[in-house]
Amino acid sequence: WFYQGKNKKEEKKMIKNICITGGEGFIGRHLIERLPKEYLPYIYDLKPISKTDISEKKRNEEFMFPANIYAVIHLAAIHDIRFANEHPQETFEANVWGTYNVLNEARKRNARKFIFISSAAIYEQPLISIYGLSKFLGEKMVENSGLDYSILRLFNVYGPRQRKALFGNLIKCIEEGQPWSYTNTGKGIKDFGYIGKSIQIFGDW
């Protein structure tokens, strides 16, 4: 489908390899669907979603980026704040060590651009949540990687096919005809971003 309507040799020269971690997740799938046709995506993730687990400490042949990378978009992470606080070791292995592994592979392959998906949790004061801290450390590693990078702090993204988080649970309850409740103090404020709008910011790189 990359070659429709053009000479195959000419079109092939235009294709750019782009590595996407977390490509099987909610944001990742929407992003891949909207990629311009000149980008050829390579998908990586965390176990059990993918056999190419980016958080594994030992380098394996399954987790190797292709040559001639145009960009790396690093989405893969443990996002559930409650789960992260209850499982700090697993969260740090995925979010911190995973980011370290992806950065190393990007450097080895001379990636032209590295895009790190961070979180609004960074703005938490004081920064005490395991998830927010893991994203903060990820940002610092990216900033000191020597790569040309962008850091995107997304705010509570929601949209079609979401099955987790606040809106995902709400949609699931509606579809199943089940009651829905949300427990909070009532004093907090959340900003939400629709998936279609959130994906548009990737076009700036």
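Throughout this tour a residue is called buried under 20% relative accessible area, exposed over 50%, and partly exposed in between, with a 1.4 Å probe and the protein chains only; helices (H or I, at least four residues) and strands (E, at least two) are DSSP runs, numbered from the N terminus. The model is predicted, so that local features need pLDDT of at least 70 and side-chain atom pairs count only at pLDDT 80 or more, while totals for chains, interfaces and linings use all residues. Residues are numbered from 1 along each chain as its sequence is written, and side-chain values use heavy atoms, with hydrogens and water left out.

**The whole chain**

Begin with a cartoon view of the protein, which has 7 helices and 7 strands, and follow it along the sequence through the pattern α-β-α-β-β-α-α-β-α-β-β-α-β-α. If you colour by accessibility, 41% of the 205 residues count as buried.

**Strand β4 and its neighbours**

Select residues 113–119 next, which form strand β4 and are mostly covered, with 7 of 7 residues buried. In a regular strand the side chains alternate between the two faces of the sheet. On one side of β4 you will find K113, I115, I117 and S119, and on the other F114, F116 and S118, all of them buried, which leaves both faces covered.

Now add the strands on either hand, bearing in mind that two strands pair if DSSP finds at least two bridges between them. Strand β3 (residues 69–74) runs parallel to β4 and is joined to it by 4 bridges; to locate this pairing, show V72, which stands opposite F114. Strand β5 (residues 149–154) is also parallel to β4, with 6 bridges between the two, and here I117 has L152 as its bridge partner.

Bring in helix α5 (residues 130–143), which together with β4 and β5 makes a right-handed β-α-β unit. Right-handed means that, with the strands pointing away from the viewer, the path from the first strand over the helix to the second runs clockwise.

**Salt bridges**

Turn to the charged side chains, where a salt bridge is a side-chain nitrogen of Lys or Arg within 4 Å of a carboxyl oxygen of Asp or Glu. By this rule the count comes to 5, and three of these pairs are visited here.

Start from K113 in β4, which forms a salt bridge with D148, the closest N and O atoms being 3.4 Å apart. This pair links distant parts of the chain, since D148 lies in the loop between α5 and β5 and K113 in β4, 35 residues apart. The two partners can be told apart by cover: K113 counts as buried at 13% relative accessibility, whereas D148 is partly exposed at 46%.

Select R109 and E105 next, whose side chains meet in a salt bridge of 3.5 Å, N to O; E105 is buried with a relative accessible area of 2%, while R109 is partly exposed at 23%. Then move to E24 and R29, which form a salt bridge with their closest N and O atoms 3.1 Å apart. E24 is partly exposed at 37%, and R29 is partly exposed at 45%.

**Helix α5 and W97**

Return to helix α5 and show the surface of L133, F136 and L137, which make a nonpolar patch of about 200 Å². Such patches are made of residues with over 30% relative accessible area and no salt bridge, like charges being joined within 9 Å and nonpolar side chains (Val, Leu, Ile, Met, Phe, Trp, Tyr) within 5 Å, and the areas come from the Shrake-Rupley method with a 1.4 Å probe, only the protein chains shown counting as cover for residues. F136 sits in α5 and is partly exposed, at 31% relative accessible area.

From there, select W97 in helix α4 (residues 88–108), a partly exposed residue with a relative accessible area of 32%. W97 and S134 are 37 residues apart in sequence and 9.5 Å apart in space, C-alpha to C-alpha.

**Backbone details in the loops**

Finish with the backbone. In the loop between β4 and α5 lies P126, which is joined to Q125 by a cis peptide bond with omega about -5°. N68, in the loop between β2 (39–44) and β3, has a positive phi near 60°, in a residue other than glycine, and is exposed at 66%. N110, in the loop between α4 and β4, also has a positive phi, near 55°, and is exposed at 62%.
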